[in-house]
Amino acid sequence: MPNRVVVGAQWGDEGKAKVVDYLTEEADYVIRFQGGANAGHTVEVGDQKFVFHLLPSGLMHDGKSCVIGNGVVLDPAQLLHEIGDVLTKGIDATGRLWLSEAAQVVLPTHKLLDQLKEKAAGKDAIGTTGRGIGPAYYDKVARVGVRVGDLLEDDLLRARLEKAIAAHNEVITKIFGAPPVEVGPVHAEYRAYGEKLRPYVADCVAILAKALKEKKGLLFEGAQGTFLDVDHGTYPFVTSSNTVAGAACAGSGVGPTAIQQVIGVVKAYTTRVGNGPFPTEIEGGLGAELRRIGHEFGATTGRERRCGWFDAVVVRRAAQVNGLTHLAVTKLDVLDSFDSIEICTAYEIDGKRVDHFPSSLARLERVKAVYETLPGWKSDTTKITDAKDLPVNARKYLDRLAELVDVPVGMLSLGPKRHQTIRMGM
Ligand code: GDP
Ligand code: IMO
Ligand code: MG
């Protein structure tokens, strides 16, 4: 199998987990490399539904190994909860889940700070998931973070926690006027997590290097989406990690020469959770219809997802910054009942046509989407198993997406279940 990176090419929730679950069949290792429990990755197999936040979606498959790489911010309580939860469904992570010693640990104070900051920001809030992601990455970059390996060393852990939490308490008490957090109970709690996680902690760089040497297949599972990337997204309305394909390398310790395919997952339309620009958003009417048919509610926070038409300008930019080799188009079935479907082909800013995604927020906020209308297919696609059986108009829609983005469609998804997937020359 080629080594593959799967990334979201819009604003997250594109159906990455479904694509990763499908491709895990051909892989040996599935690797999370950035983000944390802000992710909500849904896999549906038979009548079982799993929502993963930290565990790689590949864990569903017996015998496949899973890695949480150094680029992830790991909330130990959440991870232990997920490990316990999948065990009740017959999935045992022992001996095939590996956590990087160098991954950052999310502390209770990170979550508290995330929530306090959002509340204080009022109408300027980012609309974060409240999972402590921003503050945890902040500490990583400020070089005061606690790493997974530190959880296993009692004295070191205490020292790291004292330093980090003292700094957090300055902000918690002086800026937000909230009571300080005591180090003692956090130390006891995290020490216990360390003991529970000890069997999983490993040198993941060495594990992946060995896997590459043995020609095993690596599948990298991106979280969030390209436009939530801290550099390439709609800053400041972004998450705090690099979500683009290049982060797979830095966030796992595998070099770029190991990657052969980069798959950009896109919905056949567009959604976004949280605040920030969204040029093709449809407010009310059809937007609500897309939300209802597509069940567009966040897998992590349950929030309504904002919905709109497919934006080819956005995905064209995603193709560039990720080096996409293929698109995986999901949720085409959600458009089955529409009479006609719009695709955004370009933008208009201050009366001028623009074909590329503007990097300045000010310009982005003035964008008007330019649409092209295609006829709908008005038939049920959810049972189709071969691309040649697609309705002519559905085929035309897909072909037009690929043409506008200039990346071939390698996979098509026509429903949430594993079997509702069509491979198209990938
Ligand atoms: P992720 O974060 O990118 O993994 O995506 P989420 O799991 O947050 O959201 C995708 C949602 O769409 C999940 O509820 C999936 O079960 C569902 N889904 C995925 N592919 C399809 C599809 O082709 N059709 C339909 N109707 N639902 C899908
Ligand atoms: P998956 O992996 C959709 C959004 C939040 C908010 C912004 C910053 O399921 O696609 P954060 O908590 O990361 O600081 O929030 O990013 N966000 C997501 N939106 N899918 C996700 O993950 C997201 N993870 C974060 O809504 O706008
Ligand atoms: Mg999601």
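## Close-ups of a predicted model

**View 1. Helix H2, its cap and its two sides.** Right after H2, Gly90 adopts a positive phi of about 90°. Keep in mind that this is a predicted model. H2 itself runs over residues 76-88, which makes 13 residues. From first C-alpha to last, H2 reaches 19 Å, close to the 18 Å you'd expect at 1.5 Å a residue. At the N-terminal end, Asp75 does the capping: one of its side-chain oxygens sits 3.2 Å from the backbone nitrogen of Ala77. Which residues of H2 are buried? They are Pro76, Gln78, Leu79, Glu82, Ile83 and Val86. These six take up an arc of only 160° around the axis, so they end up on the same side of H2. The general rule behind such patterns is that an α-helix has 3.6 residues a turn, so residues three or four places apart point the same way. Turn to the face of H2 away from that buried side and you meet the exposed residues His81 and Thr88. The buried residues of H2 pack against a list of strands, namely E4 (48-52), E5 (65-68), E6 (73-74), E7 (97-100) and E8 (104-105), plus helix H6 (183-197).

**View 2. Gln104, a buried residue in strand E8.** Strand E8 is one of the packing partners of H2, and Gln104 lies in this strand. Is Gln104 buried or exposed? With a relative accessibility of 7%, Gln104 counts as buried. Gly145 is 41 residues away from Gln104 in sequence, yet their C-alpha atoms are 6.5 Å apart in space. Leaving out residues up to four places away in sequence, Gln104 touches Asn70, Val72, Val73 and Leu74, along with Ala136, Lys140, Gly145, Val146 and Arg147.

**View 3. Helix H5 and the helices it packs against.** H5 covers residues 154-175, so 22 residues at 1.5 Å a residue should span 32 Å, and the 31 Å between its end C-alpha atoms agrees with that. On the buried list for H5 are Leu157, Leu161, Ala164, Ile165, His168, Asn169 and Ile172. Looking down the axis, you find these buried residues within an arc of 155°, so they line one face of H5. What do they pack against? The partners are helices H3 (108-121), H4 (133-141) and H6. H6 also packs against the buried residues of H2. On the face of H5 turned away from the buried side you'll find Asp155, Lys163 and Lys174, which are exposed. Just past the helix, Gly177 has a positive phi of about 65°.

**View 4. The magnesium ion (ligand 3) and its protein donors.** Which residues coordinate the magnesium ion? Asp13 does so through OD and Gly40 through its O, at 2.0 to 2.2 Å. Asp13 lies in the loop between strand E1 (4-8) and helix H1 (16-24), while Gly40 is in the loop between strands E2 (29-32) and E3 (41-45), so the pair ties together parts that are 27 residues apart in sequence. Gly40 has a relative accessible area of 12%, so this residue is buried.

**View 5. Ligand 2 and its surroundings.** How many residues surround ligand 2? There are 20, and the closest are Asp13, Lys16, His41, Thr129 and Thr239. Asp13 is also a magnesium donor. Oxygen atoms of ligand 2 show up in several polar pairs: a polar side-chain atom of His41 lies 2.7 Å from one oxygen atom, and a polar side-chain atom of Arg303 is 2.9 Å from an oxygen atom. From the backbone side, a polar atom of Val273 is 3.2 Å from an oxygen atom of the ligand.

**View 6. Ligand 1 and its surroundings.** Ligand 1 is surrounded by 20 residues, with Lys16, Gly40, Thr42, Asp333 and Ser413 the closest. Lys16 is on the closest list for ligand 2 as well. A polar backbone atom of Lys16 is 2.8 Å from an oxygen atom of ligand 1, and an N or O atom in the side chain of Thr42 is 2.6 Å from an oxygen atom of this ligand. For Asp333, the partner is a nitrogen atom of ligand 1, 2.8 Å from an N or O atom in the side chain.

**View 7. Thr421 in strand E20.** Strand E20 (residues 421-423) holds Thr421, which is buried at a relative accessible area of 9%. Side chain to side chain, Thr421 makes a polar contact with Lys18 at 3.0 Å. Setting aside neighbours within four places in sequence, Thr421 is in contact with Lys18, Tyr22, Met411 and Leu412.

How values were computed:
Residues numbered from 1 in each chain as written. Chains lettered and ligands numbered in written order. Predicted model: local features only at pLDDT ≥ 70, side-chain atom pairs only at ≥ 80, totals over all residues. Heavy atoms only, no water. Donors = N, O, S within 2.8 Å, 3.2 Å for Na, K, Ca; no water. Helix = DSSP H or I, 4+ residues; strand = E, 2+ residues; numbered from the N terminus. Buried < 20%, exposed > 50% of the residue type's maximum accessible area, 1.4 Å probe, protein only. Expected span 1.5 Å × (residues − 1). Arc of directions from axis to C-beta. Contact = heavy atoms within 4.5 Å. Polar contact = N/O pair within 3.5 Å; in protein donor to acceptor, adjacent residues only side chain to side chain. Near = heavy atom within 4 Å.
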